[in-house]
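User: Please take a close look at the covalent and charged side-chain links in this model, and tell me how they sit in the fold and how far they are covered from solvent.

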Amino acid sequence: VTQTILWYLTVTIEPLPPVVVGETVTLKCNFKTDGRLREIVWYRVTDGGTIKQKIFTYDAMFNTNYSHMEDYRRREDLVYQSTVRLPEVRISDNGPYECHVGIYDRATREKVVLASGNVFLTVMSPPNNISVVAENTPAPFSRYQAQNFTLVCTAKGGKPAPSVYFKRDGELIEVISYTQPSTGEQGSSAAGVRGARPLISRDLDDTKLQRSLSLLDPEGRAAHLYTESPQRVHTQGQQASEPSPATEVIPETVVSREFPRWVHSTDPLYYFSHTHIPQSDGSVVVQARLTWTLNPQLDNDALFSCEVKHPALSMPMQTEVTLAAPKGPKLLMSPSRAKVGDTVRITVQGFQVGSPGNEVFPEPLFTWTRVGGRLLDGSTEREGKELILERVPAELNGSMYRCTAQNPLGSTDTHTRLIVFGTYA
């Protein structure tokens, strides 16, 4: 503060608590002087202090005040000579502000003496969108090989970054945290998790329990899932040790039941990681991944929820999914009475489940085959929600088509027979 014997001028601004987008903020400039006031100017400081943009001026000589904000609606009002109100703050209002107070120099009368104070406005924004998807789906069901399964929860619009965590059937999941490489290397890291086969053979023997804390890749080496040693969160500090032996090899001749035989019903190991992706508006997109060895017998009908905590929210946001094997799709044949030469479409209409809207998760993979022969175009199978038979010939009358719906939790077949009318015209 510049000061001579003739006058004094001090400017102070009280710090502001963080505010949430949409709230009203009052910027108050406290000053003391024995001089005559010339003007009060508020600045918004940007680009690390290099640019100061005037947002408001009070001119004491003419007792007028005016806004320098560019948009047409006046976003701020002078409450008192030294106080500015910003209604409905946005994320872009986040940052430092300065108040400059000018008084007339008593000696010269023309010269203006300035003093200033500054304050930082922190604008928080709660996440506006959260979603959960299954990574790398649709995917086939495997009866003979343990599969890694990953849920990805994405929270958008939060500032600062929210904290994201998973629950299973309402209970917080114990996880082993690992750090993903930076964005540039993310592809290889994700492939490492995906390509790994965590053949976790877990008996109740303690030595095997210790050994099982690892994910194996197809050659039996430990997959590079983390760049630091894993820490177990919410759990007793068990340490990862050597890989477990692979599960028994099941010959192809075994008749499969609905669920694979390699499954061991003990608690799975959940691996957790998250990445932060800064956005241009100052918010952060958080992606959290939960990876474990799927156990269809235990995981079918399990409810997984992703919860997001944020200082701008009074309670956590939540979204949830229920893992479910397909229970047999409902098929619709169009036209229902096909004639020779018609194009016939067989379409998956939905699933035979208890209540409407109870969708299968993750998204199933649909495969069409013709029982005892090739499809009309000569292929052995076709993928997709619809099978199209162009210009059906008479000899397809009575042919049977199989739709296999599968996701990592299970597989189911539905058959439908094609009746071609006018065959014996």
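Analyst: What follows takes up the disulfides in turn, and then the salt bridges, after a short description of the chain.

The model is a predicted one, and its protein chain is built from three helices and 31 strands. Of the 425 residues in the chain, 44% count as buried, while the accessible surface comes to about 22500 Å², with 50% of that area belonging to carbon and sulfur atoms. When contacts between residues at least 6 apart in sequence are considered, 64% of them join residues at least 24 apart.

Two disulfides are present in the structure, and with the bonded cysteines counted along the chain they follow the pattern 1-2, 3-4. One of them joins cysteine 29 to cysteine 99, with an S to S distance of 2.0 Å. Because cysteine 29 lies in the loop between β3 (25-28) and β4 (30-33) whereas cysteine 99 belongs to strand β10, this bond ties together parts of the chain that are 70 residues apart in sequence. The torsion about the S-S bond of cysteine 29 and cysteine 99 is about -90°, and the disulfide is therefore left-handed. Both of these cysteines, 29 and 99, are buried.

The other pair is cysteine 153 and cysteine 306, whose sulfur atoms are 1.9 Å apart. Here cysteine 153 lies in strand β14 (residues 148-158) and cysteine 306 in strand β21 (residues 303-309), so that the bond ties together parts 153 residues apart in sequence. The link of cysteine 153 and cysteine 306 is left-handed, with -75° about the S-S bond. Cysteine 153 has a relative accessible area of 0% and is buried, and for cysteine 306 the value is likewise 0%, which again counts as buried. A further cysteine, cysteine 403, is also buried, with a relative accessible area of 0%.

Turning to the charged side chains, a search of the whole structure finds nine salt bridges, among them the one between lysine 52 and glutamate 98, where the closest N and O atoms are 2.9 Å apart. This pair links distant parts of the chain, since lysine 52 is in strand β6 (residues 51-59) and glutamate 98 in strand β10 (residues 95-104), 46 residues apart. The two partners fall into separate accessibility classes: lysine 52, at 42% relative accessibility, counts as partly exposed, whereas glutamate 98, at 13%, counts as buried because it falls under the 20% limit. Strand β10 thus holds glutamate 98 of this salt bridge as well as cysteine 99 of the disulfide with cysteine 29.

Another salt bridge is formed by arginine 168 and aspartate 169, with 3.9 Å between the closest N and O atoms. Arginine 168 is buried, its relative accessible area being 18%, while aspartate 169 reaches 47% and counts as partly exposed. These residues do not stand as an isolated pair, for Arg168, Asp169 and Asp299 are linked in a network of salt bridges.

In a further salt bridge, the side chains of arginine 382 and aspartate 377 meet at 2.3 Å, N to O. Arginine 382 counts as partly exposed at 38% relative accessibility, and aspartate 377 is placed in the partly exposed class at 49%.

Note on methods. Residues are numbered from 1 along each chain as its sequence is written. This is a predicted model: local features need pLDDT of at least 70, side-chain atom pairs count only at pLDDT 80 or more; totals for chains, interfaces and linings use all residues. Side-chain values use heavy atoms; hydrogens and water are left out. Helices (H or I, at least four residues) and strands (E, at least two) are DSSP runs, numbered from the N terminus. Buried means under 20% relative accessible area, exposed over 50%, partly exposed in between (1.4 Å probe, protein chains only). Contact means heavy atoms within 4.5 Å. Accessible areas come from the Shrake-Rupley method with a 1.4 Å probe; for residues, only the protein chains shown count as cover. A salt bridge is a side-chain nitrogen of Lys or Arg within 4 Å of a carboxyl oxygen of Asp or Glu. A disulfide is a pair of cysteine sulfur atoms within 2.5 Å.
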